[in-house]
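Okay, I've got a few minutes, so let's walk through this one together. Have a look at the chain first, and then I'll talk about it.

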Amino acid sequence: MDLGQYVRTYREDRGFSSRELSRMIGVSSSVISKIENAERSATRETIQKIADALRLNRAEHAVLLKSAGYEVGTDRKELNRLVNQISDELDELRQKIGGIN
């Protein structure tokens, strides 16, 4: 099965329409349709949003990632990217609330 088939299966198993899923993750319903029909790929971020919205467990989330061609696991590059993202978000929050350290 490809990514789209998995997304459709998980979505339908949980009783959601493609329109409901699209609203839950903040994309148009055509994006979900294109992903499900293998007309469009999905970023890791979109896959994460789909997994969260459908409350997929780790194994199901890993299936989505693998079917989209992404590495599953904790590679150093991905961990560094996440650490940097969190650090940037913390800096922004500190600025917003007046420089609390």
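So, the surface: the chain exposes about 7200 Å², and 47% of that comes from carbon and sulfur atoms. Keep in mind that this is a predicted model. As for charge, I get 17 positive and 16 negative side chains, with the centres of the two sets 1 Å apart. On the inside, buried residues account for 26% of the 101 residues in the chain.

Now the fold. How many helices and strands does the chain have? Six helices and zero strands, so if you read along the sequence the pattern is α-α-α-α-α-α. Is the chain spread out or compact, going by the globule rule? It is more spread out than a compact globule, because its radius of gyration is 16 Å, well over the 13 Å that the rule gives for 101 residues. The C-alpha trace spans about 45 × 30 × 25 Å along its principal axes. And if you take the contacts with a separation of 6 or more, 57% of them come from residues 24 or more positions apart.

Let me zoom in on α3, which is residues 29–36. Which residues are buried there? They're V31, I32, I35 and E36. These cover an arc of only 130 degrees around the axis, which puts them on the same side of α3. And what covers them? The list includes α1 (3–13), α2 (18–25) and α4 (44–53).

Right after α3 you run into A38, with a positive phi. A38 sits in the loop between α3 and α4, and its phi is about 60 degrees although it is not a glycine. Why point that out? Because most residues other than glycine have a negative phi. Is A38 buried or exposed? Exposed, with a relative accessible area of 52%, and the cut-off for exposed is over 50%.

There's another positive phi to show you, at R55. This residue lies in the loop between α4 and α5 (58–67), and its phi is near 55 degrees, again in a residue other than glycine. R55 counts as exposed too, at 73% relative accessibility. If you want to place R55 against an earlier part of the chain, try I25: the two are 30 residues apart in sequence and 12 Å apart in space, C-alpha to C-alpha.

That's what I had, so over to you.

Definitions and conventions: Residues numbered from 1 in each chain as written. Predicted model: local features only at pLDDT ≥ 70, side-chain atom pairs only at ≥ 80, totals over all residues. Heavy atoms only, no water. Buried < 20%, exposed > 50% of the residue type's maximum accessible area, 1.4 Å probe, protein only. Helix = DSSP H or I, 4+ residues; strand = E, 2+ residues; numbered from the N terminus. Arc of directions from axis to C-beta. Contact = heavy atoms within 4.5 Å. Rg over C-alpha atoms; globule rule 2.2 N^0.38 Å. Areas by Shrake-Rupley, 256 points an atom, 1.4 Å probe, with all protein chains shown as cover. Lys, Arg positive; Asp, Glu negative; His and termini not counted. Charge placed at Lys NZ, Arg CZ, Asp CG, Glu CD.
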